[in-house]
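Colleague: Before I use any of the labels on this model, I would like to hear the reasoning behind them. Please take me through it.

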Amino acid sequence: MKKSENDAIIRQLAQEYEYSIGNEQILDYYYDLPIEDKTILIVGLGNALRGSMFYVVEALQQEKFKNYKVYFFVKKDTKKIVDKIIERNHFYNTKAVVDMREYNRLLCTAKYLITEIKFQAKWIKKEGQVYINIWHGTPLKCLGLDKNTKSIHKDGRTQRNFIDADYLLYPNDYTREHMLDAYRIRNLTHAKALMCGYPRSSILLDKEKSKKSHQRLIHKRLAPDKKQVFAYMPTWRDNKKVEDLIEEMQYMLNSIDKNLKEDQVLYVNLHHKIDGNLDYSNFENIKKFPADMDNYEVLAGTDVLLTDYSSVF
């Protein structure tokens, strides 16, 4: 087999299994590069700066963090909007990182690592790094090893992240107890449990931001024509094929759109795996969540929330 043909097969397999060619240098970074004390690496769900990660970055704009460098990992399709969010909110010490080599370097050199998902399998935590995991799911549904799915073997990577973490954040005792059991880590992790609530809920609890005047401003942006604002935020269902979920959601939204009144508008926030494949062009009263607004900022100006057992509940 020619080298060019062999390379093509390797790249095809790498893409299929989400392995980045040319990133083997992560081991060199692990052994050769020192930890940078005032460097923070953050990775959000779907590589988007929203939800809990948005409010973590916002909190890092305080005076006491002025000398810290904050890096937020993004993909090519999210970098533009993340840059816009950083600029709009004056996150002066924060930079979006899209280059995988830079990301791998930061994984091995950043003093503080914060995520709501899990880091890549080849990452090795270094002594001296501080890892905070704010998991995005909530056990109103079955999570982890409690699920009866064909992909249950993949939860080992999630378990490892919980075991490696120094801090695990929870909003209440119920969530903590069920998460420890769902991922079978109760007797494995030495992480300290922080019962602080989720950062993403802060806008709903902030005295200034929860004032009716502030909510009216958000509502006005969502519905300048004074329509009633609905938000639809369903949970992610991994028991079906993505193409089936897309077809099902398209059918359902078509039906909802036909039944909404003229003075009503429905904003939809779906999982990133299906949202980009839906056609919104023919909807009259259905829109995507504004890309440059945080989901919970949208909720602050919403009249009605429609959901199931999503963690937004």
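**Labels and their reasons**

Modeller: The second largest pocket is lined by 17 residues, and Val 56, Ala 59, Leu 60, Ile 114 and Ile 132 are the ones nearest its centre. Its space comes to about 420 Å³. Keep in mind that this is a predicted model.

Colleague: Which elements give two or more residues to the lining of the second largest pocket?

Modeller: Helix 3 and strand 4 do. Helix 3 gives the most, with three residues.

Colleague: How do you know where empty space is left?

Modeller: A probe the size of a water molecule is rolled over the atoms, and this shows the empty space.

Colleague: Now the sheets. In what order do the seven strands stand?

Modeller: The order is 3-2-1-4-5-6-7, in an open sheet with parallel pairing.

Colleague: What makes strand 3 and strand 7 edge strands?

Modeller: Strand 3 (94–97) and strand 7 (192–195) each have a single partner strand, so one side of each is left without a neighbour in the sheet. Neighbouring strands here are turned by 20 degrees against each other on average, with direction ignored.

Colleague: How do you know that strand 1 and strand 2 pair?

Modeller: Pairing takes at least two bridges, and strand 1 (residues 36–43) and strand 2 (residues 69–73) are joined by five, so they count as paired. The two run parallel, and Leu 41 stands opposite Tyr 71 in strand 2. Helix 5 (residues 100–109) lies across strand 1, strand 2, strand 3 and strand 4, at about 125 degrees to strand 1.

Colleague: And the four-strand sheet: what is its order?

Modeller: That open sheet runs 10-9-8-11, again with parallel pairing. Strand 10 (286–288) and strand 11 (304–306) are at the edges; each has a single partner strand, so one side of each lacks a neighbour in the sheet. The twist averages 25 degrees from one strand to the next.

Colleague: What makes strand 8 and strand 11 a pair?

Modeller: Three bridges join strand 8 (residues 228–232) to strand 11 in the parallel sense; at least two are required, so the pairing holds. Tyr 232 stands opposite Leu 306 in strand 11.

Colleague: How many aromatic pairs are there?

Modeller: The count comes to 12 aromatic pairs. One of them is Phe 119 with Tyr 131, at 5.2 Å centre to centre and 45 degrees between the planes.

Colleague: Why is the pair of Phe 119 and Tyr 131 called tilted?

Modeller: The centres must lie within 6.5 Å, and 5.2 Å meets that; planes under 30 degrees apart would be stacked and over 60 edge-to-face, so 45 degrees counts as tilted. Phe 119 lies in the loop between strand 4 (110–115) and strand 5 (130–133) and Tyr 131 in strand 5, so the pair ties together parts 12 residues apart in sequence. Phe 119 has 0% relative accessibility and counts as buried; Tyr 131 is also at 0% and counts as buried.

Colleague: What makes the pair of Trp 135 and Phe 162 edge-to-face?

Modeller: Its planes stand at 80 degrees, which is over 60, and its centres are 5.2 Å apart, so the label follows. Trp 135 is in the loop between strand 5 and helix 6 (155–164), and Phe 162 is in helix 6, 27 residues apart. Trp 135 is buried at 9% relative accessibility, and Phe 162 is buried at 3%.

Colleague: Why is Leu 49 called buried?

Modeller: Buried means under 20% relative accessible area, and Leu 49 has 3%, so the term applies. Leu 49 lies in the loop between strand 1 and helix 3 (51–59). Beyond four places away in sequence, Leu 49 touches residues including Phe 54, Phe 72 and Phe 91. Phe 54 and Phe 91 also belong to one aromatic cluster with Tyr 55.

Colleague: What is the phi of Asn 47?

Modeller: Phi of Asn 47 is near 55 degrees, a positive value in a residue other than glycine. Most residues other than glycine have a negative phi. Lys 226 likewise has a positive phi, near 65 degrees.

Colleague: Is Lys 226 buried or exposed?

Modeller: The cut-off for exposed is over 50%, and Lys 226 is at 75% relative accessibility, so Lys 226 counts as exposed. Asn 47, with 13%, is buried.

Definitions and conventions
Residues are numbered from 1 along each chain as its sequence is written. This is a predicted model: local features need pLDDT of at least 70, side-chain atom pairs count only at pLDDT 80 or more; totals for chains, interfaces and linings use all residues. Side-chain values use heavy atoms; hydrogens and water are left out. Axes are lines fitted to C-alpha atoms, for helices over the stretch in contact, and angles run from 0 to 180 degrees between N-to-C directions. Rings of Phe, Tyr and Trp (its six-membered ring) pair if their centres lie within 6.5 Å; planes under 30 degrees apart count as stacked, over 60 as edge-to-face and the rest as tilted. Buried means under 20% relative accessible area, exposed over 50%, partly exposed in between (1.4 Å probe, protein chains only). Contact means heavy atoms within 4.5 Å. On a 1 Å grid over the protein atoms alone, a cavity is a set of points where a 1.4 Å probe fits but cannot get out, and a pocket is an open set with protein on both sides within 12 Å along at least five of seven lines; lining residues have an atom within 4 Å of a point. Grid points are joined across faces, edges and corners, and a volume is the space filled by probe spheres set on the points.
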